[in-house]
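Q: Please take a close look at the charged and aromatic side chains here and at how they pair up. I am new to this structure, so a plain account with the reasoning spelled out would help.

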Amino acid sequence: SHMHRFLFTDHPGDGTMFPSIQRGCVNNRCWVRVDGMVYMLDEGGVFVFDGGVETQQISTPIQDVFRPSDSPYRINWKASNYFHAVIDKPNTTMKWFVSLGGNIYPKHALCFDYVQSKWWIEEYPFPIGASCLGRLNGKPQVFLGSTNGRIFALNTSTLDGMDYSSGTVQGTATSDGLDWLIDSTATFPASNLTGNYITIIQGT
C-alpha cells in the first residue's frame, strides 16, 4: 500500500528505508513500464510513477470500479493475489486483469490506450490466470494463460479467446466510412454486442 526507498553507501547491511510515495501495487504482477514510466494498480486506482516523489492518477474515467459497492462491476480485492498486467505494445495498450463482482479468478481486463489516453473494460468467457508479452512469427505478441492449460494469442484469429460459436469473430470489411465498417458476410448474436473490442489486424 506504500512505496519505500532503500538507500546505502557502501554495503546493504548499512542501508536505511525511507518512505517514498503514499501509493503501492496490489502484487508484483500488476505493473508495466513504458518509456521510463511505471504504471501500477493499487486499491486507489491506476497511477503513473516516474521514480520521483509525485504520482499521476490516470484511471479517473473508470474510477467507479475501485469504489466499495455490491455492484457486479466493482473490483473484488479479496482475489487480488490473482491479478496481473501486460503491455500490448503493437496496439499501444496496457491491460490489468482483475476479478469483478464475485469472481475469484480474473475474467475482466481494465484496458488503457496510453497513446490516446482512452479506457475500456473487456470481459472474457473464461478466467485469464496469466499474461505475458512474447513473440509470434518474429513480431511482439501478447499471450494469455487460461484454464486446462490453454494458451491464447490475443487478437489473432479465433485464438484470442472469443466465443466463435456465437457469431463471427474475424472477417473482412465489405464497405466502410469515416467511423463505421460493414462486413456483409458476418453473423452476430442479437444482444451483448455494445462495447465489444474490435481490432484491425491487417490492412489500413
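A: For counting charges, Lys and Arg are taken as positive and Asp and Glu as negative, while His and the chain ends are left out. This is a predicted model. Its protein chain carries 14 positive and 18 negative charges, and the mean positions of the two sets are 4 Å apart.

Some background on the chain helps to place the pairs. The protein chain has 15 strands and zero helices. Its C-alpha trace spans about 70 × 40 × 35 Å along the principal axes. Of its 204 residues, 35% count as buried. The accessible surface comes to about 12,800 Å², and carbon and sulfur atoms account for 52% of that area. Among contacts with a separation of 6 or more, 34% are between residues 24 or more positions apart.

The charged side chains come next. The structure holds three salt bridges. One of them joins the side chains of R23 and D42, with 2.7 Å from N to O. R23 lies in the loop between β2 (16–21) and β3 (31–34), and D42 is in strand β4 (residues 37–42), so this salt bridge ties together parts that are 19 residues apart in sequence. Both R23 and D42 are buried, which means that each has under 20% relative accessible area.

A salt bridge is also formed by the side chains of K95 and E122, at 2.9 Å from N to O. K95 belongs to strand β8 (residues 93–98) and E122 to strand β10 (residues 118–123), so the parts tied together here are 27 residues apart in sequence. K95 and E122 are both buried.

R67 and D64 make up another salt bridge, with 2.2 Å from N to O. Here the surroundings can be read from the accessibility of each residue. R67 counts as partly exposed because its relative accessibility is 43%. D64 counts as partly exposed too, because its value is 44%. Both values fall in the range between the cut-offs, since buried means under 20% and exposed means over 50%.

Now the aromatic side chains. A search of the whole structure finds eight aromatic pairs. One of them is Y82 with Y105, an edge-to-face pair with 4.8 Å centre to centre and 70° between the planes. Y82 is in the loop between β6 (55–57) and β7 (84–88), and Y105 is in the loop between β8 and β9 (108–113), so this pair links distant parts of the chain, 23 residues apart. With a relative accessible area of 36%, Y82 is partly exposed. Y105 is partly exposed as well, with a relative accessible area of 44%.

F97 and Y124 are also among the pairs. Their ring centres are 5.8 Å apart and their planes are at 50°, so this pair is tilted. F97 lies in strand β8 and Y124 in the loop between β10 and β11 (128–136), so the pair ties together parts that are 27 residues apart in sequence. Both F97 and Y124 are buried.

Finally, three aromatic residues can be viewed together: F66, W77 and F83 form one aromatic cluster.

Conventions. Residues are numbered from 1 along each chain as its sequence is written. This is a predicted model: local features need pLDDT of at least 70, side-chain atom pairs count only at pLDDT 80 or more; totals for chains, interfaces and linings use all residues. Side-chain values use heavy atoms; hydrogens and water are left out. A salt bridge is a side-chain nitrogen of Lys or Arg within 4 Å of a carboxyl oxygen of Asp or Glu. Helices (H or I, at least four residues) and strands (E, at least two) are DSSP runs, numbered from the N terminus. Buried means under 20% relative accessible area, exposed over 50%, partly exposed in between (1.4 Å probe, protein chains only). Contact means heavy atoms within 4.5 Å. Accessible areas come from the Shrake-Rupley method with a 1.4 Å probe; for residues, only the protein chains shown count as cover. The place of a charge is taken as NZ of Lys, CZ of Arg, CG of Asp or CD of Glu. Rings of Phe, Tyr and Trp (its six-membered ring) pair if their centres lie within 6.5 Å; planes under 30 degrees apart count as stacked, over 60 as edge-to-face and the rest as tilted.
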